[in-house]
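Welcome! Open your viewer, get comfortable with rotating and selecting, and follow the stops below one by one.

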Amino acid sequence: MKHQISVRYSNRRDRSPGLTLHIHRCIEAALAAEGVDVPCEINVLVTDDAGIRAVNAAMRQIDRETDVLSFPMFDLSPGAFPDDPSDMLDPQTGLLPLGDMCISLERAKDQAKRFGNSLKREVGYLTIHSVLHLLGYDHMDEGEMKRQMRTREELIAAQLGLQRQ
């Protein structure tokens with residue numbers, strides 16, 4: 001399946017073909033694991049803490065940094081991708097515009113150190129986490145929805161060889 005995944009970096013020094021490829025692979029694996037069988041469009045911004053803080057303040061009126069933000073285009077149900085999403089496709093591109101994500105590479109590096117993981121694991125996990133948000137998963141409560149999302153994240157990460165250290 002040919003998804004259109006655009007990865008942009010707010011800081012030139014952070015640009016990395018390897019990191020871009022890794023983000024692509026994680027997005028594609030998460031979409032496949034969730035049974036998404038139409039070509040999708042996802043935009044990714046890799047930034048630092050100041051950049052994600054600015055996005056968080058502008059889009060969510062929360063003036064603090066975080067590790068990842070997700071901005072879904074549709075209100076989907078977790079684990080139940082529509083059988084016929086044809087009415088959701090962009091008529092000009094034929095793609096399903098799932099939404100946008102923003103990852104703080106600075107925060108990912110810090111968390112990787114703190115949790116004893118590799119940066120590859122941390123960025124991969126954040127990417128998978130964000131894709132699941134775009135597909136309707138949430139974790140605002142400490143209950144079943146959070147457990148469901150964490151289970152899916154770890155399963156997809158394991159399929160990519162991104163287990164916790």
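Before the first stop, one term: two strands count as paired if DSSP finds at least two bridges between them. Keep in mind too that this is a predicted model.

**Stop 1: the sheet**

Show the model as a cartoon and find the open sheet, whose four strands follow the order β1-β2-β4-β3 with mixed pairing. Select residues 4-9 for β1 and 68-72 for β3: these are the edge strands, and each pairs on one side only. Ignoring direction, neighbouring strands in this sheet are turned against each other by 15° on average.

**Stop 2: two strands side by side**

Now select residues 96-104, which form β4. Strands β3 and β4 run antiparallel and are joined by five bridges. In general, the strands of a sheet pair through backbone hydrogen bonds, in a parallel or antiparallel way. Which residue of β4 stands opposite Ser70? Click on Met101, and you have found the partner.

**Stop 3: helices on the sheet**

Colour residues 17-33 to bring out helix α1, which packs on the sheet. Helix α1 touches β1, β2 (40-47) and β4, and its direction makes about 145° with that of β1. Next, colour residues 105-115: this is helix α3, which lies across β2 and β4 and runs at about 60° to β4.

**Stop 4: a histidine in α4**

Move on to helix α4, residues 119-134, and show the side chain of His133. Is His133 buried or exposed? His133 counts as buried because its relative accessible area is 16%, and the cut-off for buried is under 20%. Leaving aside residues up to four places away in sequence, His133 touches Ser70, Pro72, Asp138, His139 and Met149. You have already met Ser70, as the residue opposite Met101.

**Stop 5: a pocket**

Turn on the surface and look for the second largest pocket, with about 160 Å³ of space. Among its 13 lining residues, Asp67, Phe115, Glu122, Tyr125 and Leu126 lie nearest its centre. Both α3 and α4 give two or more residues to this lining, and α4 gives the most, with five. By class, the lining has four nonpolar, four polar and five charged residues.

**Stop 6: the cavity**

Finally, hide the surface and select Glu34, Val36, Leu76, Ser77, Gly79, Ala80, Phe81 and Leu135, which line the largest cavity. This cavity has a volume of about 40 Å³, and the structure holds one cavity of 30 Å³ or more. Its lining divides into five nonpolar residues, two polar and one charged.

Technical notes
Residues are numbered from 1 along each chain as its sequence is written. This is a predicted model: local features need pLDDT of at least 70, side-chain atom pairs count only at pLDDT 80 or more; totals for chains, interfaces and linings use all residues. Side-chain values use heavy atoms; hydrogens and water are left out. On a 1 Å grid over the protein atoms alone, a cavity is a set of points where a 1.4 Å probe fits but cannot get out, and a pocket is an open set with protein on both sides within 12 Å along at least five of seven lines; lining residues have an atom within 4 Å of a point. Grid points are joined across faces, edges and corners, and a volume is the space filled by probe spheres set on the points. Ala, Val, Leu, Ile, Met, Phe, Trp, Tyr, Cys and Pro count as nonpolar, Asp, Glu, Lys and Arg as charged, and the others, Gly among them, as polar. Axes are lines fitted to C-alpha atoms, for helices over the stretch in contact, and angles run from 0 to 180 degrees between N-to-C directions. Contact means heavy atoms within 4.5 Å. Buried means under 20% relative accessible area, exposed over 50%, partly exposed in between (1.4 Å probe, protein chains only).
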